[in-house]
Amino acid sequence: MPENTSNGVAIGSLERAVGERKGIDREQAAAGRAPDPELVERPRRRRFSAEYKLRILREADGCAKPGEVGELLRREGLYSSLLTEWRRQRERGSLQALDRPRGRPKADPRDGQLVALRRRAERAEAELAKARRVIEVQGNVSALLGDLLEPRGAQGSTER
């Protein structure tokens, strides 16, 4: 029996089990061992293109013998409710709309350029305002220095 036990279970085996759940099972898969059955991969929703739907509907419509539709559905891994829904969509003519990608429409690249140009213009205006203030301050400093550096005798002789 191992030295470190907790309720009759070896602590090393507990650590191994926890480690496997944290992603060490990839190493097991690489070594040829079976993955941990407690870990379930996250299911992903299947998406069917309009072409695929139309192909399956054509095949289903071509089935004449009893059981052929069921065989088709088993072969493709589909449910009969999908077939019913796709038939309704075909009747409404909405299969073409389903072929479009889901989610938000892609942004127009001109919008991004417009935003970048606006930011650039705002920065340029801010730099221009700063430059104007610097020029104004330099003019004031120049006028003050001119008054301070001007000889006092020169001011008295010009005032007469």
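Residues are classed here by relative accessible area, with buried meaning under 20%, exposed over 50% and partly exposed in between (1.4 Å probe, protein chains only). The structure is a predicted model, in which local features need pLDDT of at least 70 and side-chain atom pairs count only at pLDDT 80 or more, while totals for chains, interfaces and linings use all residues. Residues are numbered from 1 along each chain as its sequence is written, and side-chain values use heavy atoms, with hydrogens and water left out.

The confidence of the predictor in each residue is expressed as pLDDT, from 0 to 100. For the protein chain the mean pLDDT is 77, and 66% of the residues reach 70 or more. Across residues 9-25 the pLDDT is below 50, and this stretch has 16 contacts in the model beyond near neighbours in sequence, a contact being heavy atoms within 4.5 Å.

Secondary structure was assigned from DSSP runs, numbered from the N terminus, with helices being H or I runs of at least four residues and strands E runs of at least two. The protein chain contains seven helices and two strands, arranged along the sequence in the pattern β-β-α-α-α-α-α-α-α. Of the 160 residues in the protein chain, 12% are buried. Among contacts between residues at least 6 apart in sequence, 46% join residues at least 24 apart.

Helix H4 comprises 13 residues (80-92). The expected span of a helix is 1.5 Å times one less than its number of residues; for H4 this gives 18 Å, which agrees with the 19 Å between its end C-alpha atoms. Its buried residues are Leu 82, Leu 83, Trp 86 and Gln 89. Viewed down the axis of H4, these buried residues fall within an arc of 125°, so they line one face of the helix; the arc is taken over the directions from the helix axis to the C-beta atoms. Exposed residues Arg 88, Glu 91 and Arg 92 occupy the face of H4 turned away from its buried side. Gly 93, with a positive phi near 75°, follows H4.

A nonpolar core is defined as a set of buried Ala, Val, Leu, Ile, Met, Phe, Trp, Tyr and Cys residues joined through side-chain atoms within 4.5 Å. The largest such core has ten residues, namely Tyr 52, Ile 56, Leu 57, Ala 60, Leu 72, Leu 73, Leu 78, Leu 82, Leu 83 and Trp 86. At least two residues of this core are supplied by each of helix H2 (50-62), helix H3 (68-76) and H4, and the largest share, four residues, comes from H2. Not counting residues up to four places away in sequence, Leu 78 touches Arg 46, Phe 48, Tyr 52, Ile 56, Leu 73 and Trp 86. Arg 46 lies in the loop between H1 and H2 and is partly exposed, at a relative accessible area of 45%. With the same sequence neighbours excluded, Arg 46 touches Glu 76, Gly 77 and Leu 78.

Rings of Phe, Tyr and Trp (its six-membered ring) were paired if their centres lie within 6.5 Å, with planes under 30 degrees apart counted as stacked, over 60 as edge-to-face and the rest as tilted. By this rule there are three aromatic pairs. The rings of Phe 48 and Trp 86 have centres 5.2 Å apart and planes at 70°, so this pair is edge-to-face. Because Phe 48 lies in the loop between helix H1 (11-31) and H2 whereas Trp 86 is in helix H4, the pair ties together parts that are 38 residues apart in sequence. Trp 86 counts as buried, at 2% relative accessibility. The rings of Tyr 52 and Trp 86, with centres 6.2 Å apart and planes at 80°, also form an edge-to-face pair. This pair links Tyr 52 in helix H2 with Trp 86 in helix H4, 34 residues apart. Tyr 52, at 17% relative accessibility, counts as buried. Phe 48, Tyr 52 and Trp 86 are linked into a cluster by ring pairs.
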